[in-house]
Amino acid sequence: MHPTQSSGKMSRSRTLVNRLRSPLRRRRRRDLGVALLALGAALASGGCRQFPKNKVSTDLERQGREIFRYDTFGDEQFWTDTARLHEIVEHRIQPLEALGLGLKVDMDKLNLLKFAVHNPFSTGGTKELLREDAVVGLKATFDKDGRIARIGITCALCHSTVDNALLPGIGHRLDGWPNRDLEVGKILAMLPVYSAEQKAVLRGWPKGSYDPRFNFDGRSTPLTLPPAHGLARVVNETYTAEGPISYWNAYVAVTQMHGHGSFSDPRIGLHVVQEPDMVTSKLEALRAYQHSLPAPPSPGASYDRGAARRGKTVFDANCAQCHVGGSLTDNNEGVLHAPSETGMDSTYAARTSQKRYRTTPLRALWQHGPYFHDGSAKTLGDVVEHYVRARNLQLSRGQRRDLEEYLKSF
């Protein structure tokens, strides 16, 4: 084929591709334009809060709130220098795509005028949101030319969301609520630090889930992101009860967020020492803030109160032997359960030091499905049906419905 013929065909192909892309671009611009109009109207009206603002009562809790929301523990060393996340955000992530990946925007930090000026249809809009500290769980600094110089993540990325008071993904911050919209696997799969095989695995993770052992053993059994509220009466935070909340905060900060600190657990063969340690001295304040976060009460209109009262009787007769006391878990007394006892998949437990699961405290169940450590129960009805099968519970259909309504009341 003559070179000019080949060039002509390639040019026509590019034109066709651009034509195909144009409707998508127009739709995205139109959608964002509508969103900006709605956002402006919502900002003018004040964006009513659906849930009370979290209150802190001590200096230690206030310190912990700042750490929870904004402290990266120096993890820019990984996310910038190694993973090159700043380059992905700089060149690829537009605001609508960021929202599509489950990232949340804190409306109380948002300056709509500045956001609009910095081209909200491009990565410039995303960078402006980062300048305003409005992207929940992401922290960025910029060079003199306006490019992202450093980027890191905070606890709030996975353990906070927003109430959608303005638009889906944009609202008042809700600390301690798991971000079950976050596409952690898809975000990680964008990074050059992972192989093609690893990226294929990561893309398969459900939204709102994460595997905290994947970077050590390469296996994949992603867990649903747990809530970080209602922990004041809970001894061990993790699904497998490997330690109290400060144990898990340290493990995540050092080994998963890649913060600059130290963590050691001989049971799982981990010994990480980094100086200066930017994690350990902050654990007390971080725990104090997390303990100050109450589980949000269930909206009364979301369940049948009469059925819930009957369901409590069913619960007390069939579930309260494990979900005991004010904490609703027998793990506070040191009890752990073999996966076979409750019909749970054993794959993740086998990768941990305990090889068993704790009884999960039942806090704010109405707002953070799916359920169980692996998200295998999509609804509370599925939870009830699972235990009917696994524990051979002799419950009528009416009793099952009543029990489901009682669980919604937590």
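This report describes the confidence, the largest pocket and the nonpolar cores of a predicted model.

Local features rest on pLDDT of at least 70 and side-chain atom pairs on pLDDT 80 or more, whereas totals for chains, interfaces and linings use all residues. Residues are numbered from 1 along each chain as its sequence is written, and side-chain values use heavy atoms, without hydrogens and water.

The protein chain has a mean pLDDT (the predictor's confidence in each residue, from 0 to 100) of 90, with 89% of its residues at 70 or more. Residues 1-21 have pLDDT below 50, and beyond near neighbours in sequence this stretch has two contacts (heavy atoms within 4.5 Å) in the model. Where pLDDT is low, predicted coordinates should not be read in detail.

The largest nonpolar core, a set of buried (under 20% relative accessible area, 1.4 Å probe, protein chains only) Ala, Val, Leu, Ile, Met, Phe, Trp, Tyr and Cys residues joined through side-chain atoms within 4.5 Å, has 65 residues. Phe73, Trp79, Leu130, Ile151, Leu188 and Leu191 touch the most other members, and helix H12 (a DSSP run of H or I, at least four residues, numbered from the N terminus), residues 245-256, gives the most to this core, with six residues. Leaving aside residues up to four places away in sequence, Ile151 touches Glu76, Trp79 and Leu130, among others.

The two cores are set side by side here.

| Core | Residues | Members, among them |
|---|---|---|
| Largest nonpolar core | 65 residues | Phe73, Trp79, Leu130, Ile151 |
| Another core, apart from it | 25 residues | Leu223, Leu365, Leu380, Val388 |The largest pocket (on a 1 Å grid over the protein atoms alone, an open set of points where a 1.4 Å probe fits, with protein on both sides within 12 Å along at least five of seven lines; lining residues have an atom within 4 Å of a point) is lined by 21 residues, of which Arg49, Pro52, Lys53, Asn54 and Arg173 are the closest to its centre.

How values were computed
On a 1 Å grid over the protein atoms alone, a cavity is a set of points where a 1.4 Å probe fits but cannot get out, and a pocket is an open set with protein on both sides within 12 Å along at least five of seven lines; lining residues have an atom within 4 Å of a point. Buried means under 20% relative accessible area, exposed over 50%, partly exposed in between (1.4 Å probe, protein chains only). Helices (H or I, at least four residues) and strands (E, at least two) are DSSP runs, numbered from the N terminus.
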